[in-house]
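Student: I should like to understand how descriptive terms are assigned to a protein model. Could we work through some of them together?

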Amino acid sequence: MPTPLLEPSTRIALAAFLHDLGKFAQRADLPIAKEVLDFEKQQYCPQAAKAKGGYRTHVHAAYTSAALDLLEPAMPEMKGQDFFPFGSWKTREVDNSLLNAAAMHHKPDTFLQWIVATADRVASGFERETFENYNHKEDITDTGKNHYQARQLSLFEAIRLNGSKHPALKSAADHQYRQPLQALSAASLFPQKRNDCEPGKDALARQQYRVLWDDFISAMAKTPDSHRQSLPLWLDHFDSCWQAYTHAIPSATVKGTRPDVSLYDHSHTTAALATALWRYHHERNDNQQHTSQAMRLHQDWDEQKLLLIQGDFFGIQSFIFANGSETTKNAARLLRGRSQYVSLITECAALRILDALELPSTSQVTNAAGKFLIVAPNTANSRQKLAEVQAEFDQWFLQYSYGESGLGIASLPTCCNDFVTKEQGQSRFTGLMKRLFEQLEISKYQRLDLCGQQPAPAVFEQYLDDVSIAGGICPITGKAPATADPNRQFVKLKENTLKVSDLAADQIEIGRLIGGKTQRLAITTDALKGKQLKVSLFGYHLHFTGDEDASGKFGAEVINGNLRRLFDFSLPETTEQVLWNGYARRAINGYVPKFSREDELDGFRYTNLPTDAAEVEAGKLKEFSHIACEDREASLLGNKASVGIAGLGVLKGDVDNLGAIFQQGLQQPTFAKMAALSRQMNAFFSVYLPALCASEYPNTYTVFAGGDDFFLIGPWHSLMQLAARLRDDFSRYVAHNGDITFSSGIVVCKPGMPVPQLARLGEEALETAKGFIGKDGSHKNALHVFGETVGWDQYQQLTKAFDELNGLSYRAQLSTAFTYSLLGLIDLASKTDEPESGLWRSRLSYRAIRHLESVIKNKEERQPVLDELLNLFAGNNGIHEHHSAYRIPVTTYLYKNRD
C-alpha cells in the first residue's frame, strides 16, 4: 500500500525529472508567443553581465515552464489543496510551486528549488566554480554546432583502458560518431558517422526535433486514464515514455562540455538525487532557510546525505540450471520460466526496497543482469529498513533455494562532493565507484547472514517432515518438497502428470506463457481474483496478463494502491518499432522460437524425431529436439531426406574487462554518465539481441541476455554465424572502439544433454576464450569452438575458408574419408616443433591426387580441380596459415554434410 512519504517524494522526483523539459521543447522550436516567452525568461533565466550584453542565458529554463502546459492534459491531476511539499501546481505567486522548482534550477532561491538545482549539479559532476562558468556559456559545442544541430556523442567511443593502443579523445571535435535523433528502437541504438546524422542547418535540425516532440506528446496519451489516478504508478510509465523519446537527445551542448549524456539519463539521475536530498532534510526536520544557504555555498557538500544501495542476485547460474529428474524432458519450458523468474526476482526485490523506504521508481537508477542501484536518504530509518528487507530476502531464498542462491544488499553512505569531477587530479567519483564495487564484493561473502548475530537457520530441521507430508521430492528441483498446497498437487508436463513444488509449477507456467499472447505483468500487494503465480515474491503477487486495463479491470486496484507496477515486456515486431506501448517497459523477455507455416509445409528436417516430438503446428513453441534439426538441409538426391547432424548449439559470451570499463574507462566520469553507460551496455543484449534473433535468427532461444552477457541455445551452425554477427554488430554499437570487446564460447551437443551440463560446458568454453592471447599480445576478444580458440578476425577468415571448402566440395566430389583425413594433416602441421611436421604438404598432395583420380577420370579436367584444392588447403587461408585452427572449417563441413 502507498505510504505517507511516497506521494510527496514522487512529486519531488517529478519536478526534478522535468527540470530540463525545456531543452527538448526549445530545440523543437515550439510556437510560444513572444510576450509569454519574454516573461518566462525574466522569471527563470540567468542574466549575463552588462558588459556582455545583459542577455538571458539558458533559455531552455523558460521553455520548461511553458512546455509543462502541453504535458498537463496527459498527466495525473496536479491541482488541489494537498500538494505537499509544494504549495501548488503552477501558481507563480507561490515560490515553492512544483513548476518553479522545476524551472528555477539555474537561478534557485527557495529550499525546494535548491534541492532540484543541487541534484542537477551533482548528477553532472559540477563543482561550484565550474557550474557558475557553465551557467553563462552559450549553447555552442566544441565542434561549432549549436544546440539545434549538435547530436549526442557515442559514450562508448571515448572509453579508454590502461594500456590502450588508441589515443584519448580530447574534445567533442575528436568524436567521429553520433547517436541519430530518433525514438528508441532496436535499430536506433546504433551510432552513425557524424556527417550522416548531424545536420548542417538549423531548419532541418529543428524539424527533426519537432517530429520527435509531436510523437512524444502523442505517445503520452497511450497510458490508460485509470493509471493517471496514481502518481507513483504513472511516473513509472512516464519514465519509459521519456526514455523512448529522449534517449538520444544530448543533455548539455555548451562549449567546454561533451554532449555524451542523454537528456533521459540526466533527468533520471537528477530525480533520484533530488528525492534522496529532500527526504534527508525532511526526515531530520532541518531548517529550510539555513539548508538553502548551505547548499548555495556548498558548505554541506561533504555531509553524507545520500545512501547508495546496490542489490546483487548471486547464484543465478545455480538458480536457472538447477537439475531434477524431469528437467531434461521439459528443458525448454523450464529455461524460459527460470530465466524470466530471475528478472522477476530482481524487479520485486528493488520494488520491495523502494516501498520500504517510501521512494518512487525513479530512485532506482540501474537494473540489469541481476543487479540494481538505488539512491536513498542516508538516515537511520533507511538503514534500519534495509536490514529488515535483507532479512526478508534471506528467508525467501533459504525457503525456496535452500541457500544455493540469494540476493545481497550493499549500502554506502556518500556526499555530494563524492560525485564531483575535479578538473585536475583523480575524480572523487571514480573513488566512489571503486568503494561501491568493493562494498558489493564484501556483501557476497556475507550472503544469507549465516554467520551473523542472529543467523538464519543453516540446518532445515523440518525438511524431512515436509517431504513426508508432501509425498516426495519435487522432480523438477530435485530438492524441494513436491507441494504444500493440498488444492494444487499436480501439474501436467507433456504426457506426464507430476507432483511438483509451487516454485517449479510457477516457473513452468511462466515458460508456457512466454512467447504467447501474454505481454504484460501486473504486480500487486494483495492477491487478485483469477490466475496468478502461486509463490509471492517478497510480499508481491504476480499476474501475467494481456491488455486488460482497456476494460478497466485494474482501475480499482490503481485507486486503492494495490497495483504497484504494470510492466510491458512485449518484443517488437520489427527492429524499427518504437519501444513504447503506454506502460512502463522492462526488457525481461527473451526471444522464443515458434513453428511457422513454412515449417509445416517443409518439415523434412524433423522426420527422424520420435512421433510425439515430430508434430509440427504453426504458432506452437519449438522444443530443443526441433531446434537441433534446423540446420539440416535437403539431400541433393531429391528424396526429401536431410543431411547434417541434429546438433544443439550453446553460445555463451560476455563483455571483456567490464569492471575496468566502468571504473577507469570514462573520461571525466559523472553519475549520469555511469547510469548511461550501464543502460546502454544492457540495451545491446536485452533489447537488440532478442530483436535480432526474432528477425534473422528465428530458431534461437535467448535463455538470458542482459547486462554484459548472454546465453543462447539454437541450431549449432546458425549459432556459429550468429556469434560472428554479434561481434560485428557489437563493434558497430561501441563505435568500433577496440578497447571494448567481448568473448564467446560455443559448444555443440545432442539435444538430450541435461541442461546443467550444457551450462557447465558453455561456461568452460567461455572461460577458455577469456584466456586467449593473440599474436600481438592482446588478451581475450576471442571465440572458442570445436576445441580451438581464435581471435575474431581469424574466425572471420576461417568462416570464409569454410565457404570456400563448401563451394569446392561439389566440383572435387569430396568424400567423407578424404575430409576426415584432413584432421590428421592439421594435427601434423600443428606440431611445428617436430621435424616431421613439414610432411603434411606432401601427404596432402598424395591424398588429393589419389582421391581425384578416383572421381575425375579425365586428366585435363582433373588438373585444375587439383590445383584449386591444393591452393585451398595449403594456401594463404589454409592449414599453413591457421594450423590447428583450420579444424574449425573442416569440422563444420563434416557436421553439415553428415548423413
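Tutor: Let us begin with a definition: the angle between two helices runs from 0 to 180 degrees and is taken between their N-to-C directions. The model before us is predicted. In it, helix α24 (residues 716-733) packs against helix α26 (residues 792-812) at an angle of about 135 degrees, and their axes are 11 Å apart.

Student: Why is α24 called oblique to α26?

Tutor: Angles over 145 degrees count as roughly antiparallel, and 65 to 115 as roughly perpendicular. The angle here is about 135 degrees, which falls in neither range, so α24 is oblique to α26. The crossing of α24 past α26 is left-handed.

Student: How do you know which residues of α24 and α26 meet?

Tutor: Contact means heavy atoms within 4.5 Å. On the α24 side, H717, M720, A723, A724 and R727 take part, and they meet W792, D793, Y795 and F802 of α26. The residues of this contact comprise 6 nonpolar, 1 polar and 2 charged.

Student: What makes a space in the model a cavity?

Tutor: A 1.4 Å probe must fit there but be unable to get out. The structure has 9 cavities of 30 Å³ or more. The largest cavity holds about 140 Å³ of space, and its lining has 14 residues, with A322, Y400, S401, T477 and K479 nearest its centre.

Student: What is the volume of the second largest cavity, and which residues line it?

Tutor: Its volume is about 90 Å³. The lining residues include Q152, F156, H247 and Y733. By class, this lining has 4 nonpolar, 4 polar and 1 charged residues.

Note on methods:
Residues are numbered from 1 along each chain as its sequence is written. This is a predicted model: local features need pLDDT of at least 70, side-chain atom pairs count only at pLDDT 80 or more; totals for chains, interfaces and linings use all residues. Side-chain values use heavy atoms; hydrogens and water are left out. Helices (H or I, at least four residues) and strands (E, at least two) are DSSP runs, numbered from the N terminus. Angles under 35 degrees count as roughly parallel, over 145 as roughly antiparallel, 65 to 115 as roughly perpendicular and the rest as oblique. A crossing is left-handed if the near helix is turned anticlockwise from the far one by less than a right angle, and right-handed if clockwise. Ala, Val, Leu, Ile, Met, Phe, Trp, Tyr, Cys and Pro count as nonpolar, Asp, Glu, Lys and Arg as charged, and the others, Gly among them, as polar. On a 1 Å grid over the protein atoms alone, a cavity is a set of points where a 1.4 Å probe fits but cannot get out, and a pocket is an open set with protein on both sides within 12 Å along at least five of seven lines; lining residues have an atom within 4 Å of a point. Grid points are joined across faces, edges and corners, and a volume is the space filled by probe spheres set on the points.
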